[in-house]
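Student: I'm new to this one. Can you walk me through it?
Tutor: Sure, let's look at it together.

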Amino acid sequence: MNWLYYVVLPAGFGVLSILLHPHSARFSTPELEAYELTIHQAILLEPIWVDARSIDARERGSIPDSIPLNEDLFDQQLVLLLEQWSPGSKVVVYCDSDLCDASNAIRERLLNEVGLYEVYILHGGWQSWKTYSKR
Amino acid sequence: MTFRILCRTLLGGFFMLSGVLKILSPDEFQMALLNYPLMNYQTSFLVAQILPFIELFCGLGIWFKRLEIWGLIQITGLLLLFIVMLSWTWALGLDINCGCLGEIDPIKGQPGLIARDIVLIGLAVYLLKTSRFRIISATTK
């Protein structure tokens, strides 16, 4: 009776959840592009964080000491990044989650228009930071 | 008797709430788990999908006489495991989201979370002791 309730039922519901839940957990490690970093990899680099989200999104919270740099205000905000950047600096751009394209767009512009190098994207974006840290 | 009901409500309620919140978003719980040492995607996948249901069934089970003892034993074991994992991350200096109750968790930081788990173990042990006492007294009559 007890093993049925405490082992079989949770396992059964767990399997059902895997099959039916729209937000079930992921079994395999996501394949990252060479320029994508997990939150742990990014933190080890002690990078300059660049927040590619909108001002509204940023007001709800951001990575401490991150620099705002979104497409709409790129030219005005770029100076904030260049003030902190020096040769050898690593830049990690983030937006809301894996589903947003803002960090890709900003990364492309930093590489192609500004000529920076070692510009990465934070895999999972702001969501992964929020999960990582309570700050 | 009233104190037992209070303990059971607190302990069972906590585990049911914890289970349900995790069941609603296993992907978020998995992201929290990945911050812990020894966790990779495969391990965290299993834990994220199964543990919430174990918590839910434990929280429910302690309300039923026939299931109570094993539910309390499992809850105590789980809480001890949580304390070990939290202490480990604390010792490593990791500032992590514990994944316990998600964003609604009012307690932040390992010391507070460990203290809460110790209080919950206290409740479980009390319920276990009084349950055993009742079983022994029932069989000796």
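**A chat about chains A and B**

Tutor: Start with Q110(B), which sits in helix α5 of chain B. Helices here are DSSP runs of H or I with at least four residues, numbered from the N terminus.

Student: Anything I should know about the model and numbering?
Tutor: This is a predicted model: local features need pLDDT of at least 70, side-chain atom pairs count only at pLDDT 80 or more, and totals for chains, interfaces and linings use all residues. Residues are numbered from 1 along each chain as its sequence is written, chains are lettered from A in the order in which they are written, and side-chain values use heavy atoms, leaving out hydrogens and water.

Student: Back to Q110(B): buried or exposed?
Tutor: Q110(B) counts as buried because its relative accessibility is 6%. Buried means under 20% relative accessible area, exposed over 50%, and partly exposed in between, with a 1.4 Å probe and protein chains only.

Student: What does the side chain of Q110(B) make a polar contact with?
Tutor: The side chain of T89(B), at 3.1 Å. A polar contact is a pair of N or O atoms within 3.5 Å; within protein, one must be able to donate a hydrogen and the other to accept it, and residues adjacent in sequence count only if both atoms are side-chain atoms.

Student: New topic. Where is G12(B)?
Tutor: In helix α1 of chain B. G12(B) is buried, with a relative accessible area of 0%.

Student: And what does G12(B) touch?
Tutor: G59(B), I62(B) and W63(B), not counting residues up to four places away in sequence. Contact means heavy atoms within 4.5 Å. The C-alpha atoms of G12(B) and E55(B) are separated by 9.0 Å, and the two are 43 residues apart along the chain.

Student: I62(B) again! What else is I62(B) in contact with?
Tutor: I75(B), for one. Leaving aside neighbours within four places in sequence, I75(B) also contacts L11(B), F15(B), C58(B) and A124(B).

Student: Now the two chains. How many residues does each give to the contact?
Tutor: Chain A gives 27 residues and chain B gives 35 residues. Between chain A and chain B, 11 residue pairs are in polar contact, both at pLDDT 80 or more.

Student: Which helix gives the most on the side of chain A?
Tutor: α1(A), with 10 residues on the side of chain A that touches chain B.

Terms used:
Helices (H or I, at least four residues) and strands (E, at least two) are DSSP runs, numbered from the N terminus.
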